[in-house]
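Hi,

Here is the structure I promised to pass on. Have a look when you get a moment, and my notes follow below it.

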Amino acid sequence: MTAELHVRYSPDDEWLGQLVATVKSGTFSGTSSAWFDRQAVKDGFINTRREFPISAASPPVIQGGFWDRDRKGILEQCHLRIAVRPYNVRGELLVVVDLATESRTNPDRDQQQSVTVRFLTEYGNLDTFAAEFEQVLHGQRERATLLGSKT
């Protein structure tokens, strides 16, 4: 069974934009978005992906949502996270995608929707995705797609 992750980027200005991710694996699917600095996406995910092999200690990851105003670097509410880490000795990679709706008030958190999807992929698929993703960030492509198989 196949799995797919699609990302789109809508720039707000030359630095910031909204990243929209849609993931489907088997019967599970979801869509969410978060605001990102374009360079942070390149540094935190695309450039990290170019390391071979991917490090289990510092894998490619991007995450966004509501950041804590008092504690720098602390994500208070995650709306979109994509992480890729080594899975086995054959070189397969595990992709973990966390998506959630926004909840601006604490009582709404009980009604917040979320989905976590995990699937396997290969370095070749990830290389294609990273190249497409970089094109998406520069407005040269509408979306990037990462293909995999359901775990």
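Arginine 141 counts as partly exposed, because its relative accessibility is 35% and partly exposed covers the range between 20% and 50%. Its side chain meets that of glutamate 132 in a salt bridge, with 3.2 Å from N to O. Glutamate 132, by contrast, is buried, at a relative accessible area of 14%. Please keep in mind that this is a predicted model.

How many salt bridges does a search of the whole structure find? It finds five, and two others may interest you. Aspartate 68 pairs with arginine 71, their closest N and O atoms being 2.8 Å apart; aspartate 68 has 12% relative accessibility, so it counts as buried. Arginine 90 and glutamate 92 also form a salt bridge, at 2.8 Å from N to O, and here arginine 90 counts as exposed with 66% relative accessibility.

On charge in general, the protein carries 18 positive and 20 negative side chains, and the centres of these two sets are 4 Å apart.

Now the fold. There are two helices and eight strands, in the order β-β-β-α-β-β-β-β-α-β from the N terminus. The radius of gyration is 15 Å, which agrees with the value near 15 Å for a compact globule of 151 residues. The C-alpha trace spans about 45 × 35 × 30 Å along its principal axes.

Of the 151 residues, 43% are buried. The accessible surface is about 8,800 Å², and carbon and sulfur atoms account for 46% of that surface.

Best wishes

Methods: Residues are numbered from 1 along each chain as its sequence is written. This is a predicted model: local features need pLDDT of at least 70, side-chain atom pairs count only at pLDDT 80 or more; totals for chains, interfaces and linings use all residues. Side-chain values use heavy atoms; hydrogens and water are left out. Helices (H or I, at least four residues) and strands (E, at least two) are DSSP runs, numbered from the N terminus. The radius of gyration is taken over C-alpha atoms; the globule rule is 2.2 Å times the number of residues to the power 0.38. Buried means under 20% relative accessible area, exposed over 50%, partly exposed in between (1.4 Å probe, protein chains only). Accessible areas come from the Shrake-Rupley method with a 1.4 Å probe; for residues, only the protein chains shown count as cover. Lys and Arg count as positive and Asp and Glu as negative; His and the chain ends are not counted. The place of a charge is taken as NZ of Lys, CZ of Arg, CG of Asp or CD of Glu. A salt bridge is a side-chain nitrogen of Lys or Arg within 4 Å of a carboxyl oxygen of Asp or Glu.
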